[in-house]
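Hi everyone, thanks for making time. I'd like to walk you through one structure, so please have the sequence and the 3D view open while I talk.

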Amino acid sequence: MFILFDRAGCLFYNHHMQARIIFHVDLDAFFASVEQRDHPEFRGRPLIVGADPKDGKGRGVVSTCSYEARAFGVHSAMPISEAYRRCPDGIYVPPAMEKYQQASRQVFDVFEEFTPAIEPISIDEAFLDMTGCMHFWSSSNEAAQRLRATIAQRTRGLTASVGIAPNKMVAKIASDDCKPDGLLEIFPERLLEYLHPLPVKKLWGIGPRTEEVLNRMGIFKVGDIAAADPQRLSSRLGIHGLHLYELAQGHDEREVIAQDEVKSVSNEETFDQDVRDRELVCSALLRLSEKVSQRLRESRLKGKTLTLKVRLRGFKTYSHAFGFGVRTNHADTIYKKAKELFLAHYGDEAYIRLVGVRLSNFDDGYLQDDLFQGQEDKKAEQVHQALDLIKQKFGDDAIRRAGG
Ligand code: TTP
Ligand code: MG
């Protein structure tokens, strides 16, 4: 009892002196919501985005589904055949990644209007540290409502759920808790009241195995961990046990790590249907190499490391990296190597679902490299820049490189 009082006192102190204001923002049923936005006839219906169910014989998995479909027990990563069994009258659509990426970019642009401290977690999810930006707002609640409204406006109707808390873990738990289209703020002085009745698996780092160990110790709720003897926890779970003990006290000091520096430039393409035709894959690699090259040149960047990403049927995903001797942003160089990597690793038998091309390892910028650049390189670059200009003026289709 005394410990609890002591902890509460400490949190109260934090609230006035240094409590952080962390937002966890996550779009609701992201891919499915984009489809419902673009197809009014899908709204209010169970909609499943993922592999073709082929009347229940389809292979592959569910990417995500609308909340209407979740009522049938369908969820992300479920085999599509199982989804079809549970929800045969649902609407099934293949993913259209470009559309989702565009919506994602719009959302992340909105984040930047609210704070520079943004930690992207996935295509539809980020932590925002709002602590230093609160003088713009009368309350964190007001800021979050405006954030949600701006996202809806810019994306033409997508909804985001926002959890607000003094730390990342609780902000994430709160946003999950208020989905869909929700906002939940956990004030520092109510943090333990909120956290302690939750099942242990809500804490970060508790998977099914740890949950089982805890349950066998008679520990089921977060409050049980907080009240447990830390030595007993560490004897069963080692250092991990002590870490959980801290989290259960509401202590999570992890910072929001802003990604303000471009670390890599990448593009990927998902095929409408899994493909075995290696020429088709190579022509996608050519398009991707050109896109990456163009974006690198726009940002005046060159990379030393090429990574080819390949996702096979069934979602197994592989990365193959190659280090160039010197930094580059030339489409031809990137394409040649990406193609070589692909052909070296995948035969005709592989069903390819997605390929991606990424350039990273920019080191210390672009300009310095120019000093060492040969005349030939310069010429090639001028040609590339001219091509970019034409594309900007007349669209991507104005120039198509011949495959090869
Ligand atoms: P999530 O945010 O996990 O899910 P969601 O936005 O669809 O639903 P929720 O309201 O619960 O947040 O993932 C974001 C997108 O990532 C999701 O719309 C589709 C994609 N995704 C997959 O393709 N496969 C997966 O297994 C998961 C979990 C997500
Ligand atoms: Mg989401």
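Let's go straight to Leu27: with a relative accessibility of 3%, this residue counts as buried. Please keep in mind that we are looking at a predicted model. Leu27 matters for my first topic, as its backbone O is one of the atoms that coordinate the magnesium ion, ligand 2. The other residues that coordinate this ion are Asp26 and Asp124, each through OD, and the distances run from 2.0 to 2.3 Å. Along the chain, the donors of the magnesium ion (ligand 2) show the spacing D-L-x96-D.

What geometry does the site of the magnesium ion (ligand 2) have? The site is octahedral, with 6 donor atoms and angles among them of 79 to 178 degrees. For reference, six octahedral donors would ideally give 90 or 180 degrees.

Now a closer look at Asp26. Is Asp26 buried or exposed? Asp26 has a relative accessible area of 9%, so it is buried. Asp26 sits in strand β1, which covers residues 22-27. Setting aside neighbours within four places in sequence, Asp26 touches Asp124, Glu125, Ala160, Ser161 and Lys179.

That strand brings us to the sheet around it. Five strands make an open, mixed sheet, in the order β5-β6-β1-β7-β8. At its edges are β5 (118-122) and β8 (183-185), each of which pairs on one side only. From one strand to the next, the twist averages 15 degrees. Within the sheet, β1 and β7 (residues 160-165) run antiparallel and are joined by 6 bridges. If you want a pair to click on, Phe23 has Ile164 in β7 as its bridge partner. Helix α6 (residues 140-154) packs on this sheet and touches β1, β6, β7 and β8, with its direction at about 160 degrees to that of β7. There is also helix α5 (residues 97-114), which lies across β1, β5 and β6 and runs at about 160 degrees to β5.

Let me stay here for one more residue, Leu128. Leu128 is found in strand β6, residues 125-129. With a relative accessibility of 0%, Leu128 counts as buried. Beyond its neighbours within four places in sequence, Leu128 has contacts that include Ile21, Phe23 and Val25, along with Phe111, Leu147 and Val256.

On to the other sheet I'd like to show you. This one is open too, with 4 strands in the order β9-β12-β10-β11 and antiparallel pairing. The edges are taken by β9 (264-275) and β11 (317-328); each has a single partner strand, so one side of each has no neighbour in the sheet. On average, and ignoring direction, neighbouring strands here are turned by 15 degrees against each other. Helix α13 (residues 278-298) packs on the sheet, in touch with β9, β10, β11 and β12, and its direction makes about 155 degrees with that of β9. Strands β10 (residues 303-312) and β12 (residues 352-360) pair over 8 bridges, antiparallel. Here Thr307 stands opposite Arg358 in β12.

Last topic, the cysteines. How many disulfides are there? The count is 0. Take Cys87: its closest cysteine sulfur is that of Cys65, at 8.3 Å, which is too far for a bond. Cys87 counts as buried, at 1% relative accessibility. Cys282 counts as buried as well, at 8%.

That's my tour, and I'm happy to take questions.

Key
Residues numbered from 1 in each chain as written. Chains lettered and ligands numbered in written order. Predicted model: local features only at pLDDT ≥ 70, side-chain atom pairs only at ≥ 80, totals over all residues. Heavy atoms only, no water. Pairing = 2+ DSSP bridges. Helix = DSSP H or I, 4+ residues; strand = E, 2+ residues; numbered from the N terminus. Axes fitted to C-alpha atoms, helices over the stretch in contact; angles between N-to-C directions. Contact = heavy atoms within 4.5 Å. Disulfide = S-S within 2.5 Å. Buried < 20%, exposed > 50% of the residue type's maximum accessible area, 1.4 Å probe, protein only. Donors = N, O, S within 2.8 Å, 3.2 Å for Na, K, Ca; no water. Tetrahedral: all angles 85-135°; square planar, octahedral: opposite > 155°, others 65-115°.
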